[in-house]
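User: Please take a close look at one pocket in this model and at the helices around it. I would like a single connected account, with the packing set out beside the pocket.

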Amino acid sequence: MKPSRNDPCPCGSGKKYKHCCERKAEAQPIVAMPTLAELNQLIALFNSGRFAEVERQARLLTEQFPESAVAWKLLGVCLNSQGKGSEALPALLQAAKLLPNDAEAYYNLGVTQVSLGQLNDALASYRRSLLLNSDNAAAHSNLGKLLRDLGQLDEAVSSCRRALAINPNYAGAYLNLSSALRGLGQFDEAVACCRRALAIHPDFAEAHYNLGLCLKTTGQLGSAVQSFRRALQINPNDAEIFNSLALALQDSGQFS
C-alpha cells in the first residue's frame, strides 16, 4: 500500500515519505510530440524538393514540440539544403543533443560545420557519427576530405579507402582519395583514382579538374589542358578551373 505522506519513507532514508520518494513516485509529465503523419508529410515534402514548405512547417513543429528531435533534424537539414548553414547549425545541434546516439544527427551536423568553416568541430562530429555507425561510406569519405584539408594526409587516405571498401562504386570517395594521394606526391595512383571516378561518373567536373592538376604536375600538359577543358565545359562558371586552364595553356605554349 502507498504510505501516508507523513509516514517514514519505506526506502529507509529516515525522511518522511512526502520529503523523499513521493516525489520520485509522481508520474512524469507526458512530453507532447508530433504525429507520425505530420513527420511523414514533412519527409515527403523534403523529398520532393519543396524546401520552403518544409522549413515553414518544421519551424512550427519545433515551436509546438521543442523536444521533437526529428522535427529539429528536418529543420536543420532543410535549411542546410537551401544554403542557410548558419541557421541550420542551432537546429542540428539541438537534434544531436536530443539524439546523442543517432549517427545521422552527428553526420548532418558535421556537414554543416564544414560549410561554416568549423573544421575541428566537424572533425569531432564525423568521428562521433562513425563511432555510432562505422558503415556509413559518405561519413568516411567526408572525413577523408576534411582530414586532407587539415593536412592529415595519411589519415585522409585511410578514411577514403574505408569508404571505398564499403561502397566500391563511390565516385566521390575516389575523388577525395585522389586529392589526398596528390598531396602525398603519389601522382600515378591519384590519376588512377580520378579515372576510376570518371568511369563511374563521366560528367564529374571535380574529377576532371583534379585529373588535370595531377597531369599538369607530372608534366603532361596536353592531357592536363584536355581535362581542364572538359571540367570547364561541365562547369563553365568555375573561376578556379578557368585559371588552371589558362596556366596550363601558358606553360604548354598555347594561348587559345
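Analyst: Helices here are DSSP runs of type H or I with at least four residues, numbered from the N terminus. The model is predicted.

The pocket to start with is the second largest, which holds about 180 Å³ of space. Its lining is made of Ile 43, Phe 46, Asn 47, Val 70, Lys 73, Leu 74, Val 77, Glu 104 and Asn 108. Two or more of these residues come from each of α2 (36-47), α4 (69-81) and α6. The most comes from α4, which gives four residues to this lining. By class, the lining of the second largest pocket has five nonpolar, two polar and two charged residues.

Of these three elements, α6 can be followed further through its packing. Two packed helices are described by the angle between their axes and the distance between the axes. On one side of the account is helix α5 (residues 85-98), whose axis comes within 9 Å of that of α6, crossing at roughly 155 degrees. The angle therefore makes α5 roughly antiparallel to α6, the threshold for that label being over 145 degrees. The crossing in which α5 passes α6 is left-handed. From α5 the contact takes in Gly 85, Ala 88, Leu 89, Leu 92, Leu 93, Ala 95 and Ala 96, which meet Ala 105, Tyr 106, Asn 108, Leu 109, Thr 112 and Gln 113 in α6. This contact of α5 with α6 divides into nine nonpolar and four polar residues, with no charged ones. Asn 108 thus appears both in the pocket lining and in the contact with α5.

The other partner of α6 (residues 103-115) is helix α7 (residues 119-132), with an angle of about 160 degrees and axes 8 Å apart. This again gives a roughly antiparallel pair, because of that angle. The crossing of α6 past α7 is left-handed. The α6 residues in the contact are Ala 103, Tyr 106, Tyr 107, Leu 109, Gly 110, Val 111, Gln 113 and Val 114, and they meet Leu 119, Asp 121, Ala 122, Ser 125, Tyr 126, Arg 128, Ser 129 and Leu 132 in α7. By class, this contact has ten nonpolar, four polar and two charged residues. Tyr 106, Leu 109 and Gln 113 are listed in the contact with α7 and in the contact with α5.

For comparison, the largest pocket holds about 360 Å³. It has 16 lining residues, and those nearest its centre are Leu 175, Ser 179, Glu 206, Tyr 209 and Asn 210. At least two lining residues come from each of α8 (137-149), α10 (171-183), α12 (205-217) and α14 (239-252). With five residues, α12 has the largest share. The lining of the largest pocket has five nonpolar, four polar and seven charged residues.

Two of those helices, α12 and α14, pack at about 25 degrees, with axes 11 Å apart. That angle makes α12 roughly parallel to α14. Their crossing is left-handed. Tyr 209, Leu 213 and Lys 216 in α12 meet Glu 240, Ile 241, Ser 244, Leu 247, Ala 248 and Asp 251 in α14. The residues of this contact are five nonpolar, one polar and three charged. Tyr 209 is named both here and among the residues nearest the centre of the largest pocket.

Definitions and conventions:
Residues are numbered from 1 along each chain as its sequence is written. This is a predicted model: local features need pLDDT of at least 70, side-chain atom pairs count only at pLDDT 80 or more; totals for chains, interfaces and linings use all residues. Side-chain values use heavy atoms; hydrogens and water are left out. Axes are lines fitted to C-alpha atoms, for helices over the stretch in contact, and angles run from 0 to 180 degrees between N-to-C directions. Angles under 35 degrees count as roughly parallel, over 145 as roughly antiparallel, 65 to 115 as roughly perpendicular and the rest as oblique. A crossing is left-handed if the near helix is turned anticlockwise from the far one by less than a right angle, and right-handed if clockwise. Contact means heavy atoms within 4.5 Å. Ala, Val, Leu, Ile, Met, Phe, Trp, Tyr, Cys and Pro count as nonpolar, Asp, Glu, Lys and Arg as charged, and the others, Gly among them, as polar. On a 1 Å grid over the protein atoms alone, a cavity is a set of points where a 1.4 Å probe fits but cannot get out, and a pocket is an open set with protein on both sides within 12 Å along at least five of seven lines; lining residues have an atom within 4 Å of a point. Grid points are joined across faces, edges and corners, and a volume is the space filled by probe spheres set on the points.
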